[in-house]
Amino acid sequence: MKKNTLMAIGLLLAANHAVLADENVDSGDPCTVVLCMYGKLQGNNQSECSGAVRQFFSLSKFGRHGFDPWKTFMKRKDFLGGCPTADPAVVSDIMKQFGKMRG
């Protein structure tokens, strides 16, 4: 991973540490969801992130034939794009792993 990406992740973690320390995590906040999904991507399933992870996977689209992976991917990507401090490389990694997955 690039040095800049690691620094951006560190800044994101520092900025959101206070949010995760509180039991009332705002699962509707795209930055919190990015942070929690990045933790999940790294294999860290924190209990305080369960609402944010649930929020991410609840963003689904269905068409005539049921679950639509591409439209779901775009809906989730647009939501995560609402976090101005998120590193685009981190969002891309999250989307590659979980973007089309049915929750």
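**Figure 1. The start of helix 5 and its two sides.** Asp87 caps the N-terminal end of helix 5, with a side-chain oxygen placed 2.9 Å from the backbone nitrogen of Ala89. The model shown here and in the other views is a predicted one. Helix 5 covers residues 88-98. Its buried residues are Val90, Val91, Ile94, Met95 and Phe98. Seen down the helix axis, these residues fall within an arc of 135 degrees, so they line one face of helix 5. The face turned away from this buried side carries the exposed residues Pro88 and Lys96.

**Figure 2. The whole chain, for orientation.** The chain has five helices and two strands. Read along the sequence, these elements come in the pattern α-α-α-β-β-α-α. The chain has 103 residues, and 38% of them count as buried. The exposed surface amounts to about 6,300 Å², and carbon and sulfur atoms supply 53% of that area. Take the contacts between residues at least 6 apart in sequence: 55% of these join residues at least 24 apart. The close-ups that follow include some pairs of this kind.

**Figure 3. Helix 3 and the helices it packs against.** Helix 3 runs over residues 50-58, and its buried residues are Ala52, Val53, Phe56 and Phe57. Around the axis they cover an arc of only 135 degrees, which puts them on the same side of helix 3. These buried residues pack against helix 2 (30-41), helix 4 and helix 5.

**Figure 4. Arg76, a buried charged residue in helix 4.** Arg76 is found in helix 4, which spans residues 69-80. Which side chain of opposite charge is nearest to Arg76? The nearest is Asp68, but Asp68 is 11 Å away, and Arg76 is buried without a salt bridge. The limit for a salt bridge is 4 Å between a side-chain nitrogen and a carboxyl oxygen. The side chain of Arg76 does reach a backbone oxygen, that of Phe98, at 2.9 Å. Phe98 is also one of the buried residues of helix 5. Leaving out residues up to four places away in sequence, Arg76 touches a number of others, including Phe56, Phe57, Leu59 and Ser60. Also among the residues that Arg76 touches are Met95, Phe98, Gly99, Lys100, Met101 and Gly103. Phe56 and Phe57 belong to the buried residues of helix 3, and Met95 to those of helix 5.

**Figure 5. Two leucines of helix 2.** Leu35 is found in helix 2, and so is Leu41. Is Leu35 buried or exposed? Leu35 is buried, with a relative accessible area of 5%. Leu41 counts as partly exposed, at 24% relative accessibility. The cut-off for buried is under 20%, so the value for Leu41 falls outside that class. Leu35 and Cys49 are 14 residues apart in sequence, and their C-alpha atoms are 8.8 Å apart in space. Leu41 and Gln97 are 56 residues apart in sequence, with 7.5 Å between their C-alpha atoms. Apart from its neighbours within four places in sequence, Leu41 is in contact with Asp93, Ile94, Gln97 and Phe98. Ile94 and Phe98 are among the buried residues of helix 5.

**Figure 6. Ser27 in the loop before helix 2.** Ser27 is found in the loop between helix 1 (3-21) and helix 2. At 24% relative accessibility, Ser27 counts as partly exposed. Which residues does Ser27 touch, not counting those up to four places away in sequence? Ser27 touches Val33, Gly51, Ala52 and Gln55. Of these, Ala52 is listed among the buried residues of helix 3. Another of the buried residues of helix 3 is Val53. Ser27 and Val53 are 26 residues apart along the chain, and their C-alpha atoms are separated by 7.8 Å.

Methods: Residues numbered from 1 in each chain as written. Predicted model: local features only at pLDDT ≥ 70, side-chain atom pairs only at ≥ 80, totals over all residues. Heavy atoms only, no water. Helix = DSSP H or I, 4+ residues; strand = E, 2+ residues; numbered from the N terminus. Buried < 20%, exposed > 50% of the residue type's maximum accessible area, 1.4 Å probe, protein only. Contact = heavy atoms within 4.5 Å. Areas by Shrake-Rupley, 256 points an atom, 1.4 Å probe, with all protein chains shown as cover. Lys, Arg positive; Asp, Glu negative; His and termini not counted. Polar contact = N/O pair within 3.5 Å; in protein donor to acceptor, adjacent residues only side chain to side chain. Arc of directions from axis to C-beta.
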